[in-house]
Amino acid sequence: MSSPCIVSTCPRPLDPVVGGPYCNIHGKQLRRCGSLEFTSLKSPERRPYILAARALLPPGLIGEMQQLLDSLPFVDQRNVNGLRPAAKARCILVNIRRQRGADAARLILAAAIGAECCPKPTSNERYRKVQVARSIFRLLRSQSFELFDKRVVYRISLQGGRAALALCDMVEALTYFWTKDNRQRIVDAAKNERGGAH
Ligand SMILES: [Zn+2]
C-alpha cells in the first residue's frame, strides 16, 4: 500500500501522476492555488486593489508593458500544447493583447499589481505568484473556431503551475519596483474604494 498524502488529516493515497507527496485532490489544489492549506483569493477580495492600481498606474509603466506586448509574436491558443512554461506565459499575454486591444497593457498591469497588493492568508511565495498569475489569466477569454462545421472552443489552461510562475515573473520584471514604492498608496486607495462601495 502506498503511503498517504502529506496533509496529515488526509487519508488518501499518493497520486503517481501528481509527482509529489500529495493525493490527487491536494496535488490539484497546490497547482491551482499555490498552497495546500489556502484557497485562491476571491474576485471581490482582489477587485478594490485592482481598481486602485488601475487608477494609479503611471503612463511610463503602461508604455513599457505595451512594448513588451508588441514584441511578442502571436501564437494561437490552439498551439500551446507542448510549449515550455515561458512560451505558454507569452502566449497568454499576447492573446490577452489581441482580445483586449489598446486597453490590454493597463488591464494586465492592474490585475498583477492588484493581486500583489491584496492581503493574503499566507506569506508563501508560491501562493503569491500563483495568485498574481491567476489574476492576469482571468483577462483571457476562450477562443472559438469552426472546425469541419463544428464549433470548438479553446482556452489555454493554467494548470501545471510552472506556466503560472513564469507568467508572474514576466510581468513582475516590469512592475516590481513601482509596486514596492506604491504599495501603501494602493492599499489606502483600495480601502476607500471598498468604503465607497457601501
Ligand atoms: Zn491529500
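Two residues are counted as in contact when their C-beta atoms, placed from the backbone, lie within 7 Å. The views below show a predicted model.

**View 1. Contacts of I136 in the protein chain.** Leaving aside residues up to four places away in sequence, I136 touches I108, A111, A112, L167 and V171. I136 is also listed with the residues that have the most contacts inside the largest nonpolar core. Of its partners, I108, A111 and A112 are buried residues of α5.

**View 2. The largest nonpolar core.** This core comprises 43 residues. Those with the most contacts inside it are A53, I108, L109, A112, A133, I136 and L167. Two or more residues of the core come from each of α2 (43-56), α3 (59-71), α4 (85-100), α5, α6 (125-137) and α7 (162-197). In soluble globular proteins, nonpolar side chains tend to be buried together.

**View 3. Helix α5, residues 104-117.** Helix α5 is mostly covered, with twelve of its 14 residues buried. The buried set consists of A104, A105, I108, L109, A110, A111, A112, I113, G114, A115, E116 and C117. The end C-alpha atoms of α5 are 20 Å apart, which agrees with the 20 Å that its 14 residues should span at 1.5 Å a residue. Confidence in the protein chain is highest in this helix, at a mean pLDDT of 98.

**View 4. Strand β1, residues 143-147.** Here the confidence of the protein chain is lowest, at a mean of 73. For the protein chain, the mean pLDDT is 90, and 95% of residues reach 70 or more. The chain has two strands, alongside seven helices. Read from the N terminus, the order of elements is α-α-α-α-α-α-β-β-α.

**View 5. The two assigned domains.** The domain assignment places residues 1-33 in domain 1 and residues 40-197 in domain 2. Taken over C-alpha atoms, the centres of domain 1 and domain 2 are separated by 28 Å.

**View 6. The protein chain as the setting for the close-ups.** The chain contains seven helices and two strands. Its radius of gyration is 18 Å, close to the 16 Å given by the globule rule for 198 residues, so the chain is as compact as a globular protein of that length. The C-alpha trace spans about 60 × 50 × 30 Å along its principal axes. Buried residues account for 32% of the 198 residues. Of the contacts between residues at least 6 apart in sequence, 65% join residues at least 24 apart.

Conventions
Residues numbered from 1 in each chain as written. Predicted model: local features only at pLDDT ≥ 70, side-chain atom pairs only at ≥ 80, totals over all residues. pLDDT = per-residue confidence, 0-100. Helix = DSSP H or I, 4+ residues; strand = E, 2+ residues; numbered from the N terminus. Domains from an automatic or database assignment. Expected span 1.5 Å × (residues − 1). Buried ≥ 20, exposed ≤ 12 C-beta atoms within 10 Å, placed from the backbone. Rg over C-alpha atoms; globule rule 2.2 N^0.38 Å. Core = buried A, V, L, I, M, F, W, Y, C linked by C-beta atoms within 7 Å.
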